[in-house]
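Okay, thanks for squeezing me in. I'll put the model up and then talk through how the pieces pack.

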Amino acid sequence: MSDRAQMLADLKAMIVRECDKEEMDPSEIGDDERLIGGGLDLDSLDALQISMAVKENYGVRIEGGPDARKALASINALADFIEAERGRSA
Amino acid sequence: MTEARIAGAYIKGWGDYVCEEGGELTDLKPILKATLGQPVRRIGRFISLALIGAARCLEGKTPPPDTAVYFTTGSGDFEVTVEVMEHLFRDGFPPKPLSFINTVSNAACFYVAKSFGLTGRSTCIGSRAFGFETALQLALLDLKMGTIRSALIGSADIVLQPVAIHRQRLAQAPDAPLGEAAHWLWLTADGEGGALPDCRFFASREDLMAWMGGFDPDSTVLGLGEGLDDDRFSLSRTFDYRTGRPYYDSRTAAAPSAFLTQAGSGETMLHVSTDGAGRYAAFTVRR
């Protein structure tokens, strides 16, 4: 598994765990599926929970507003955001 | 002549969950899903217990939407409180939102109200020695004053691992069995048969004994709260609901449903508790 594929799998597992969606298999989340307000039934409280888990697990802070909407658009968008922020601070 | 009708507190239903916990804690998620018919997200053991007990009390019936919820607990939601405190002080992170919101005392009431479509008042009441009696008295006052017509009165307490530490926390002996439990009663202002007519507090034993003098010892059994094992007061027959039951702080809340399950029609239980400082609480249950 490539680093990118591993990261996507880890993010899906993190979302399932942090948002208490344990009846769901992480692999059921599509890479480009809308995270908040879509078919996953996640809301703004889940968004905050995910943001804090990203900070703890990846050391990347997701600010509110447009940044959060962009970062939490999908698993791919979240991975892109984390990689970009890590690249910026490296 | 117009007959004045004073609302009562009739028993519409009751339900419990009790489980002794000594090692690996029972997985409540499948029990909750089987009881409610669907999983509930973002809740821990404490709220799960409250929901399981309430669902068992309602037995699939739909209470009126304006039903009020009165809830009490001996120790509260230790699980989420410890989780938030450890995350904050041990790990140095801000509390996670899904844990933080459930630290509010009324979280269990919210989930009960939400799950059963209730929009009436919901109140979490804490009182170290008389939590159940305090919740019960408030519900009885609201029912009898006509403020509400239907009430759910419940309690819940969880066990936290390691169990040996939790046992110390509850000031129990090293071999004392501990349990997780939830007890709920559904009371209505109108009805017939079983009822909870009274709940009172007494500043002294003398005041309690004076009130107890009005009960017929032939048709009344005595239920005794924690620390009153050998006291018979003025009644000779006792109803023991604590022997064989694991310890949890809100164990008094088990008395009504235990009595209702075992008693014959027309029997009354008078339950007495003490705070160990000379004050007493008493309530009556009529089958």
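So, let's start in chain B, with helix α2, residues 45–58, and helix α5, residues 107–115: these two pack at an angle of about 40°, and their axes are 9 Å apart. That angle makes α2(B) oblique to α5(B). The crossing of the pair is right-handed. And before anyone asks, yes, this is a predicted model.

Who's actually touching whom here? On the α2(B) side you've got B:F46, B:I47, B:A50, B:L51 and B:A54, and from α5(B) come B:A107, B:A108, B:Y111, B:V112 and B:S115. If you sort that contact by class, you get 9 nonpolar residues, 1 polar and no charged ones.

Now hop over to chain A for another helix pair. Helix α1, residues 3–18, packs on helix α4, residues 75–89, at an angle of about 115°, with the axes 10 Å apart. An angle from 65 to 115 degrees counts as roughly perpendicular, and α1(A) and α4(A) are therefore put down as roughly perpendicular to each other. As for handedness, α1(A) passes α4(A) in a right-handed crossing.

The residues making that contact are A:R4, A:M7, A:L8, A:L11 and A:K12 on α1(A), plus A:I75, A:L78 and A:A79 on α4(A). What's the class split for this one? It comes out as 6 nonpolar, no polar and 2 charged.

While we're on chain A, let me zoom out. It has 4 helices and 0 strands, so to read it along the sequence you just say α-α-α-α. Its radius of gyration is 12 Å, close to the 12 Å the globule rule gives for 90 residues, so chain A is as compact as a globular protein of that length. If you want a box for it, the C-alpha atoms fill roughly 35 × 35 × 20 Å along the principal axes.

Same exercise for chain B. Here the secondary structure comes to 9 helices and 10 strands. The radius of gyration is 19 Å, close to the 19 Å from the globule rule for 287 residues, so chain B is as compact as a globular protein of that length. The box for its C-alpha atoms is roughly 65 × 45 × 30 Å, again along the principal axes.

Okay, domains. In chain B the domain assignment gives domain 1 as 10–188 and domain 2 as 195–286. Their C-alpha centres lie 23 Å apart. How many residues are in contact between them? From domain 1 of chain B there are 31, and they meet 20 from domain 2 of chain B.

Which elements on the domain 1 side give two or more residues to that? They're β1 (10–21), α6 (131–144), β4 (150–157) and β5 (178–188) of chain B. The largest share, 7 residues, comes from β5(B). By class, this side of domain 1 has 16 nonpolar, 10 polar and 5 charged residues.

Last stop, the contact between the two chains. It takes 8 residues from chain A and 8 residues from chain B. On the chain A side that touches chain B, the classes are 3 nonpolar, 1 polar and 4 charged.

That's what I have, so over to you.

Key
Residues are numbered from 1 along each chain as its sequence is written. Chains are lettered from A and ligands numbered from 1 in the order in which they are written. This is a predicted model: local features need pLDDT of at least 70, side-chain atom pairs count only at pLDDT 80 or more; totals for chains, interfaces and linings use all residues. Axes are lines fitted to C-alpha atoms, for helices over the stretch in contact, and angles run from 0 to 180 degrees between N-to-C directions. Angles under 35 degrees count as roughly parallel, over 145 as roughly antiparallel, 65 to 115 as roughly perpendicular and the rest as oblique. A crossing is left-handed if the near helix is turned anticlockwise from the far one by less than a right angle, and right-handed if clockwise. Two residues are in contact if their C-beta atoms, placed from the backbone, lie within 7 Å. Ala, Val, Leu, Ile, Met, Phe, Trp, Tyr, Cys and Pro count as nonpolar, Asp, Glu, Lys and Arg as charged, and the others, Gly among them, as polar. Domain bounds come from an automatic or database domain assignment. The radius of gyration is taken over C-alpha atoms; the globule rule is 2.2 Å times the number of residues to the power 0.38.
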